[in-house]
Each structure stands twice: as structure tokens, then as C-alpha cells.
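Please open the model in your viewer and keep the sequence at hand. The stops below are given in the order in which they may be selected.

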Amino acid sequence: MIIYCAGPIRGDVTYQKNYFEIVEFLESEKHTALAEISGKFSTSIPLTDKQIFKRDIKWIEGSRVMIAEISGPSLGVGFEIAYALFKRKIPVLALANSGVKKLSAMISGCDSDLLEIKKYSNSDNMKSIIKKFITGLNK
């Protein structure tokens with residue numbers, strides 16, 4: 001399955017390690033994880049902001065679902081989630097570390113049936129949530 005992975009690049013990178021884990025886990029499960037941090041898509045030439053925007057929109061357009069790490073605030077991740085939900089109308093799994101007390105009200109208050117917000121306590125728990133989400137899509 002082609003999955004767009006959203007996570008902080010320029011925003012709050014406190015939980016960026018977990019974003020890396022999401023991408024690595026999906027790849028280990030034989031999914032195509034579209035993410036800037038994936039080694040499969042790295043480029044030796046730095047991209048402009050416009051190029052990054054166009055690439056990421058193209059990736060979201062080509063994805064069946066999105067999985068986002070939302071523990072730390074990120075304008076880009078919020079934009080990508082909104083695009084996936086309201087423009088592409090694809091399911092989004094938004095994952096937050098259970099230690100985070102306040103999530104963005106724009107995410108936690110969103111009532112789209114396509115958005116599933118889950119808190120994870122550790123890496124294994126996060127992977128279990130992702131597996132369950134993907135299995136549910138295939139039913």
C-alpha cells in the first residue's frame with residue numbers, strides 16, 4: 001500500500017525519532033512510505049520550498065492513506081492532514097505520544113470520519129496501532 005507519512009521537519013522535532021520509526025516500520029511491512037525522511041527519496045540537491053510543496057502534494061495525491069506523527073506542533077503536518085482529509089478525502093491516522101497533554105485543537109476537534117487519532121505509549125504500541133489501522137482498511 002502507498003502511504004503518505006507526515007511528520008515534523010521544521011516544526012517541533014522533539015518526537016521526530018518516532019516519525020522515523022513510523023516510516024521504517026511501514027517499509028519493513030512492505031508498504032511504500034512516502035516521506036521526506038525516507039532514504040529512498042533523498043536527493044543530493046536541496047529542494048526549494050515550492051519544489052517540496054509540489055512533491056508532497058503529488059505524494060499525498062498518490063497515496064491511499066496518511067499516517068501522521070502529531071506529538072509536536074507543525075504547520076506543515078497540519079496542512080498535510082487537512083489536504084488529505086478535505087481535498088483528497090483519504091483516511092488519516094494521527095499518532096501522538098501519550099506523554100503529550102495538549103494536541104492542536106484543530107486536530108483533536110476535527111470531526112471528520114476519515115480522521116483517527118490515537119495515543120501511543122511506546123514503539124511497540126505505536127506499531128500495533130498502525131497494524132490495526134491498516135488491517136481495518138483492508139476489510
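Begin by selecting F20, a residue of helix α1. This is a predicted model, and every value quoted on the tour is computed from it. The side chain to inspect is neither buried nor exposed: F20 has a relative accessibility of 33%, and therefore counts as partly exposed. Add C5 to the selection. F20 and C5 are 15 residues apart along the chain, and 9.5 Å separates their C-alpha atoms.

Next, extend the selection to the whole of α1, residues 16–28. The helix has 13 residues, and from its first C-alpha to its last it reaches 18 Å, close to the 18 Å expected at 1.5 Å a residue. Which residues of α1 are buried? They are Q16, N18, Y19, E21, I22, V23, F25 and L26. To see what covers these buried residues, display the strands β1 (2–6), β2 (32–34), β3 (65–69), β4 (92–97) and β5 (115–120), which are included in the cover together with helix α5 (123–137). Before leaving the helix, select K30, just after α1, where phi is positive at about 70 degrees.

Now hide the helices and select β1. Four of the five residues of this strand are buried, so β1 is largely enclosed by the rest of the structure. Two pairings of β1 can be followed in turn. With β2, the strand runs parallel, and three bridges join the two. With β3, the pairing is also in the parallel sense, over four bridges. Y4 is a useful residue to label here: Y4 stands opposite L34 in β2, and likewise opposite M66 in β3. In a regular strand, side chains alternate between the two faces of the sheet.

Bring α1 back into view with β1 and β2. Together, β1, α1 and β2 make a β-α-β unit that is right-handed.

The last stop is E80, in helix α3 (residues 75–88). What is the nearest side chain of opposite charge to E80? It is that of R55, 7.0 Å away. E80 is buried, yet has no salt bridge. A salt bridge would require a side-chain nitrogen of Lys or Arg within 4 Å of a carboxyl oxygen of Asp or Glu. To view the surroundings of E80, select Y4, A6, D56, I60 and M66, with which E80 is in contact when its neighbours within four places in sequence are left aside. Among these contacts are Y4 and M66, the residues that stand opposite each other across β1 and β3.

Definitions and conventions: Residues numbered from 1 in each chain as written. Predicted model: local features only at pLDDT ≥ 70, side-chain atom pairs only at ≥ 80, totals over all residues. Heavy atoms only, no water. Expected span 1.5 Å × (residues − 1). Buried < 20%, exposed > 50% of the residue type's maximum accessible area, 1.4 Å probe, protein only. Contact = heavy atoms within 4.5 Å. Pairing = 2+ DSSP bridges. Right-handed = clockwise from strand over helix to strand, strands pointing away. Lys, Arg positive; Asp, Glu negative; His and termini not counted.
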